Amino acid sequence: RALLIGINYVGQSGELSGCQNDVLNMKEYLVDVLGFKEKNIALLMDDGEHARPNGSNIIDAFQHLASLSKSGDAVYFHYSGHGGKLRDTSGDEDDGYDETIIPVDYKTYGQIRDDVLYKKLIGAFSKGVTVTATMDCCHSGTVLDLPYKFLANSGSSEMTLDQGVDLDTLQEFASELELEGRWLLPCIGVILLLALIAVAFWLIFGFFDLV
């Protein structure tokens, strides 16, 4: 599966010109070279033809992608657009700033922080899902809040722990996600039980009303 987001910010200040083309080219590569099926590729673009890459749609797309992906699946995520920085409010950033991606409706929705990207996208995948992400934007180096990094010019062929990452905060995020998962099934069970009770009452009392 793949999620590709390309935002040119058409008609806005800071308009870009190549982000939509990036997405279309990447889709072609995924289908023609890697064998992805078009039905498994979601596109968000501000071209008037695809789903609009506003804040709500982006978050929904993250959650949908994660919910469909199971252990053993290969997932590709591509973002091409503006990136930014905002003052950190959770205390997990060594430099005091959260990295962000900027949806097309950022003036009203705001920017999407790296904390949200970690919770709604990275941390939401099931264990065993392989995810490759390309972040074609400014401040992209740590925008996914991953604890390990690879520097091509470091002389090393291995990833190293990013000393600026607060592992305790990431663990808290992971614990929150795990807790949400534990509550989900019981909640679904309660909803189904209430639905069955409602149907039973309708069948019983509705039957007597008819009689």
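In this predicted model, the backbone nitrogen of Cys19 lies 3.0 Å from a polar atom of the Asn8 side chain. Asn8 itself belongs to the loop that runs between strand E1 (2-6) and helix H1 (19-32). Asn8 counts as buried because its relative accessibility is 7%, below the 20% under which a residue is taken as buried. Leaving aside residues up to four places away in sequence, Asn8 touches Glu15, Leu16, Ser17, Gly18, Cys19, Gln20 and Asp46.

Strand E1, which comes before this loop, is part of an open sheet of four strands, arranged in the order E2-E1-E3-E7 with parallel pairing. The edges of this sheet are formed by strand E2 (41-45) and by E7, each of which pairs on one side only. From one strand to the next, the twist averages 10°.

Two of the pairings in this sheet can be set out together, each with a pair of residues that stand opposite one another.

| Strand pair | Sense | Bridges | Opposite residues |
|---|---|---|---|
| E1 and E3 | parallel | five bridges | Gly6 and Ser80 |
| E3 and E7 | parallel | seven bridges | Phe77 and Ala133 |

Strand E3 spans residues 74-80 and is mostly covered, with six of its seven residues buried. In the strand order, E3 stands between E1 and E7, and the partner E7, residues 130-136, pairs with E3 over seven bridges. In a regular strand, side chains alternate between the two faces of the sheet.

Turning to the protein as a whole, the secondary structure consists of five helices and nine strands, which follow one another along the sequence in the pattern β-α-β-α-β-β-β-α-β-α-β-β-β-α. Of the 211 residues in the protein, 33% are buried, and among the contacts with a separation of 6 or more, 61% are between residues 24 or more positions apart. The accessible surface of the protein comes to about 12,900 Å², and carbon and sulfur atoms account for 57% of that area.

Taken together, the local and the sheet descriptions meet at strand E1: this strand pairs with E3 in the parallel sense, and the loop that holds Asn8 lies between E1 and helix H1.

Definitions and conventions:
Residues are numbered from 1 along each chain as its sequence is written. This is a predicted model: local features need pLDDT of at least 70, side-chain atom pairs count only at pLDDT 80 or more; totals for chains, interfaces and linings use all residues. Side-chain values use heavy atoms; hydrogens and water are left out. Helices (H or I, at least four residues) and strands (E, at least two) are DSSP runs, numbered from the N terminus. Buried means under 20% relative accessible area, exposed over 50%, partly exposed in between (1.4 Å probe, protein chains only). Contact means heavy atoms within 4.5 Å. Accessible areas come from the Shrake-Rupley method with a 1.4 Å probe; for residues, only the protein chains shown count as cover. A polar contact is a pair of N or O atoms within 3.5 Å; within protein, one must be able to donate a hydrogen and the other to accept it, and residues adjacent in sequence count only if both atoms are side-chain atoms. Two strands pair if DSSP finds at least two bridges between them. Axes are lines fitted to C-alpha atoms, for helices over the stretch in contact, and angles run from 0 to 180 degrees between N-to-C directions.
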